[in-house]
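This report walks through one protein model, starting with a single loop and ending with the way the parts of the chain meet. Keep the sequence and the structure in view while reading.

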Amino acid sequence: MTTRRSQVDEFVALTPSDASYFRAVILFGRNVASYKFALGASLIELSREERDLVPLEDLAVPFARHLTEHLERVDTQGTSASSRFLDACRSFNAGELTEDALRETTARLGFQNVIDAFHVVGGGDIPVRFFEDERRQNGGIRLTDRLHELARTGQGENLPAEVEARWRLVETSWDLNLPARALEVSYEPDGELLVVNARANDRITLTGVRDALNGYQKGRCMYCGAGLSIAGSGGSTVHVDHVIPRVLMERLGGPRNLDGVWNLVLACASCNLEKSARVPGIGCLKQVYRRNEYLIGSHHPLRETLIAQTGPDSAARKDFLLAAYSEAVPLGVWDKDCREREDL
Ligand SMILES: [Zn+2]
């Protein structure tokens, strides 16, 4: 069984880039509150404004904005019973606190743990700093050149949507008291959304499937490795592909849910169209397996969903995937194989 730490190491080592480190922070961090997401989103924003030294009073503005907006949607933004900072955000939403007062409270209470914890993943510090802590010397944080460079790249443009998607998944889990209730995230083909059945006849939309899955495949087409853009207008060219063709479900019926998250990957338009209703080569299946293990390495609710859909341990999940693959082989095997790319 892979440990969390070594999985994060593998995720980064296969494609060592600052985008991979940033994704490791957002996707694999062990969260007790959603502050890390708010800080991650704020960092990208401030970097785009070419900020360097950011006093806490300035950092407080985007940070509190993200949190107050999310509190409007889901009141549970942490696992601890009370937080004076979150209470201040709630008071602001209720019109009982001015913007200046919220800013002052955020600067005083909002950053107590998150600045220290941001670069910690799986029990250790990542070797990259996206900001330096200069609270003692200069009353704030200093954004690093590496953050500025990351924010300028194509992958950097995808990160805000990925942070938002990850945040929505985690807060919904808290709200519905997952994993105790072990609800499954499912795919809604109309609109291409991830949804969860909260109660009978009550489906909650979590987020777009592209935003949720992009980070786990590092913003690249599952099959050819071309860079994907989920941000802005470029997003329309990213296709959601069923690894095991969906037509098999209609043809055979059977117990397998081919709309399960385990079977959905993002692909560029040309790969998706070329593959059509066939299975990819076995090398691509290995990449899908690895991507699924990354989903399991992150915290709820995709972890619980993948385990429920494909098996409790890595051996069972491998068997599950191979069995589904064998059933679909008669549909045809696409000669494209991912053997040449071992980078996911
Ligand atoms: Zn492709």
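Between β6 and β7 (193–199) runs a loop, and Glu-192 lies in it. The model is a predicted one. Glu-192 has a phi near 50°, which is a positive value in a residue other than glycine. Is Glu-192 buried, exposed or partly exposed? It counts as partly exposed because it has 14 C-beta neighbours inside 10 Å, and partly exposed is the class between 12 or fewer neighbours (exposed) and 20 or more (buried).

**Other positive phi values**

Ser-276 also belongs to a loop, the one between α13 (269–275) and α14. Its phi is near 55°, again a positive value in a residue other than glycine. Ser-276 has 12 C-beta neighbours inside 10 Å, so it counts as exposed. A further positive phi, of about 65°, is found at Glu-50, just after α3. The table sets these residues side by side.

| Residue | Phi | Place |
|---|---|---|
| Glu-192 | near 50° | loop between β6 and β7 |
| Ser-276 | near 55° | loop between α13 and α14 |
| Glu-50 | about 65° | just after α3 |

**Strand β6**

The strand β6 covers residues 185–188, and Tyr-187 is part of it. Which residues does Tyr-187 contact, leaving aside its neighbours within four places in sequence? They are Leu-194, Val-209, Asp-259, Val-261 and Leu-264. Around Tyr-187 there are 18 other C-beta atoms within 10 Å, so Tyr-187 is partly exposed. Leu-169 is 18 residues from Tyr-187 in sequence, and their C-alpha atoms are 13 Å apart in space.

**Helix α14 and the loop after it**

Helix α14 spans residues 282–297, which makes 16 residues. From its first C-alpha to its last, α14 reaches 23 Å, close to the 22 Å expected at 1.5 Å a residue. Its buried residues are Cys-284, Leu-285, Gln-287, Val-288, Arg-291, Asn-292, Tyr-294, Leu-295, Ile-296 and Gly-297. The loop between α14 and α15 (302–310) holds Pro-301. The peptide bond leading from His-300 to Pro-301 is cis, and its omega is near 5°.

**Helix α3 and Val-114**

Helix α3 has 14 residues. Its reach from first C-alpha to last is 20 Å, close to the expected 20 Å at 1.5 Å a residue. How many of the residues of α3 are buried? The helix is mostly covered, with 11 of 14 residues buried. Among them are Tyr-35, Lys-36 and Leu-39, along with Phe-37, Ala-38 and Gly-40.

Those first three residues, Tyr-35, Lys-36 and Leu-39, are also the ones that Val-114 touches, not counting residues up to four places away in sequence. Val-114 is in helix α7, residues 114–117. It has 17 other C-beta atoms within 10 Å and is therefore partly exposed. Val-114 and Ser-6 are 108 residues apart along the chain, and 23 Å separate their C-alpha atoms.

**Two domains and their contact**

According to the domain assignment, the chain has domain 1 (15–152) and domain 2 (160–331). The centres of the two domains, taken over C-alpha atoms, are 28 Å apart. Domain 1 gives 18 residues to the contact and domain 2 gives 16. On the side of domain 1 that touches domain 2, the elements giving two or more residues are α2 (18–28) and α3 (35–48). The largest share of that side, five residues, comes from α2. By class, the side of domain 1 has seven nonpolar, nine polar and two charged residues.

**How α2 meets α10**

Two packed helices are described by the angle between their axes and by the distance between those axes. The axes of α2 and α10 (residues 154–175) come within 10 Å and cross at roughly 5°. Angles under 35 degrees count as roughly parallel, so α2 is roughly parallel to α10. On the α2 side the meeting residues are Ala-19, Phe-22, Arg-23, Ile-26 and Leu-27. They meet Gln-155, Gly-156, Leu-159, Glu-162, Val-163 and Arg-166 in α10. The residues of this contact divide into six nonpolar, two polar and three charged.

Note on methods. Residues are numbered from 1 along each chain as its sequence is written. This is a predicted model: local features need pLDDT of at least 70, side-chain atom pairs count only at pLDDT 80 or more; totals for chains, interfaces and linings use all residues. Helices (H or I, at least four residues) and strands (E, at least two) are DSSP runs, numbered from the N terminus. The expected span of a helix is 1.5 Å times one less than its number of residues. Domain bounds come from an automatic or database domain assignment. Two residues are in contact if their C-beta atoms, placed from the backbone, lie within 7 Å. Ala, Val, Leu, Ile, Met, Phe, Trp, Tyr, Cys and Pro count as nonpolar, Asp, Glu, Lys and Arg as charged, and the others, Gly among them, as polar. Axes are lines fitted to C-alpha atoms, for helices over the stretch in contact, and angles run from 0 to 180 degrees between N-to-C directions. Angles under 35 degrees count as roughly parallel, over 145 as roughly antiparallel, 65 to 115 as roughly perpendicular and the rest as oblique.
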